[in-house]
Amino acid sequence: MKRLLCTLWISMLVVLFSANAFAAGFNTHEQSVLSALRSGVSVNGTTIQLPAQYLNQAENYLNTVDLTAEQADEIIGYIGHAKSLVREEAQKTGATSIAELKKSGKTLLNQIVSDVQKAAAVADLKVGYDKNTLVGTDASGKTVFSAAKPIKKTGGDWQPLGLIASAGTLVVLAGGALWAARRFRLYEEA
Amino acid sequence: MPALSFIGVPILFCAIGYLILYLSVGSLLGTAMSFIDLAFLQERPQHHAEYQNIFEEQAESRPDTGKLKASEITVPGFGDQFGKLTIEGTQVDAKLFFGDSNQEFKNGVGVYNGSGLPGYGKTVLIGGHNNTFFHDLGSAREGAVITVETNYGTYRYEITESKVLQATDQSAYDLETAEENIVLYTCYPFDALGLTQERYFVYGSYLSGPQIDLYE
């Protein structure tokens, strides 16, 4: 369900990308879009919300574009449709959280991703999976959305040292094998 | 087995030796070759920056109080350097990027694009590598000041806490809060090479810096 919610966000971005000018801040149309995203899905006596990191990415992106009324209406339409899918699935399964919705199958998710990709292509956008992570990029290739976890890998790169250590180990083993062969006369000398 | 000792083993040792030399001095050879290439250039070199920099380090003035309208600032795009981060009492002095992919971590520290930017009144979540720009994060002490200079203003946060948590611990940060704060993190232990499940988190409360009104 996490991917479904990510796709919901991507579907909104598909239309966002066709926005014309750059003007920081939220105009009234963008505020409407954000309100629609923030309201969540009320079902089974609870409200299932979009994770905060996705709302923040929406705000960070909307802060760099200007939506027209028509664009906002179309986006809100996509949001409404996605919400109806979530509501329908939640009503069917009794889910009250994203974690519970995650147990749903991939068929619905794949249908949504396919629709989003078609819409993205019209707006010259790319939406897809980068190493199993849903990513949205604009025409210049810049990332505008990522479903990756907030905390990244920030450790040192072990590969060069690992290779050196492995090579060194091989040297030791090879030397040891040669010594053993000679020490214990494991072969006949010419 | 004479073939093994007179042919196989020497070849093996040579191959391993070349591998070690390549890994240890290969980068130096690259630098040397670059100098040689420069001496024999046949056309003007084309320099392409790896990222866009919208931060002027030597800017004459940068607000550190008050309010700014969103329309008055240049918002960084993903991958842009838009500032610099330093921590009092430590060696941390890094370029600040919007975005936290490997590219940003290679050149500095990066703001998670699912968090807020300084001045947005939210959590600003910033990561960096423990063997480069955040190698001295462990020296940050409670009460010290984190200074974040951006292209649109200068922000200061007071360190309130540091702790080690699992990377998957979602209680390590609050991305829903409407109170501006900063969270820095890096892999732990600091000398870990490779994949580690723990992160060292440093938390800071907002002290000063212009607040951005996103609705104007």
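**Exercise 1. Polar contacts across the interface**

Find how many residue pairs are in polar contact across the interface of chain A and chain B, and which elements of chain A take part in touching chain B.

*Solution.* Start with the rule: a polar contact is a pair of N or O atoms within 3.5 Å, where within protein one must be able to donate a hydrogen and the other to accept it, and residues adjacent in sequence count only if both atoms are side-chain atoms. Applied across the interface of chain A and chain B, with both residues at pLDDT 80 or more, this rule finds 18 residue pairs. Next, look at the side of chain A that touches chain B: the elements giving two or more residues are α2 (28–39), α3 (52–62), β5 (143–146) and α7 (159–183). Of these, α7(A) gives the most, with 11 residues. Helices (H or I, at least four residues) and strands (E, at least two) are DSSP runs, numbered from the N terminus.

A word on conventions: this is a predicted model, in which local features need pLDDT of at least 70, side-chain atom pairs count only at pLDDT 80 or more, and totals for chains, interfaces and linings use all residues. Residues are numbered from 1 along each chain as its sequence is written, chains are lettered from A and ligands numbered from 1 in the order in which they are written, and side-chain values use heavy atoms, with hydrogens and water left out.

**Exercise 2. Contact, area and charge**

Describe the extent of the contact between chain A and chain B, then locate a salt bridge in it.

*Solution.* Count residues first: with contact taken as heavy atoms within 4.5 Å, chain A brings 41 residues and chain B brings 45. Then take the buried area (the accessible area, 1.4 Å probe, that two parts lose on being put together, summed over both). The two chains bury about 3800 Å², and 62% of that lies on carbon and sulfur atoms. A:N60, A:I151 and A:T154 supply 18% of the area that chain A buries against chain B, more than any other three residues. Finally, three salt bridges (a side-chain nitrogen of Lys or Arg within 4 Å of a carboxyl oxygen of Asp or Glu) are counted between the chains. One of them links A:K152 to B:D100, with the closest N and O atoms 2.9 Å apart.

**Exercise 3. The barrel of chain B**

Trace the strand order of the barrel and follow β7(B) to its partners.

*Solution.* Strands pair if DSSP finds at least two bridges between them. Eight strands close the barrel in the order β2-β3-β4-β5-β8-β9-β7-β6, with mixed pairing. On one side, β7(B) (residues 154–166) is antiparallel to β6(B) (residues 145–150) over five bridges, and B:E149 stands opposite B:T154. A hairpin of three residues joins β6(B) to β7(B). Also antiparallel to β7(B) is β9(B) (residues 198–208), joined by 10 bridges.
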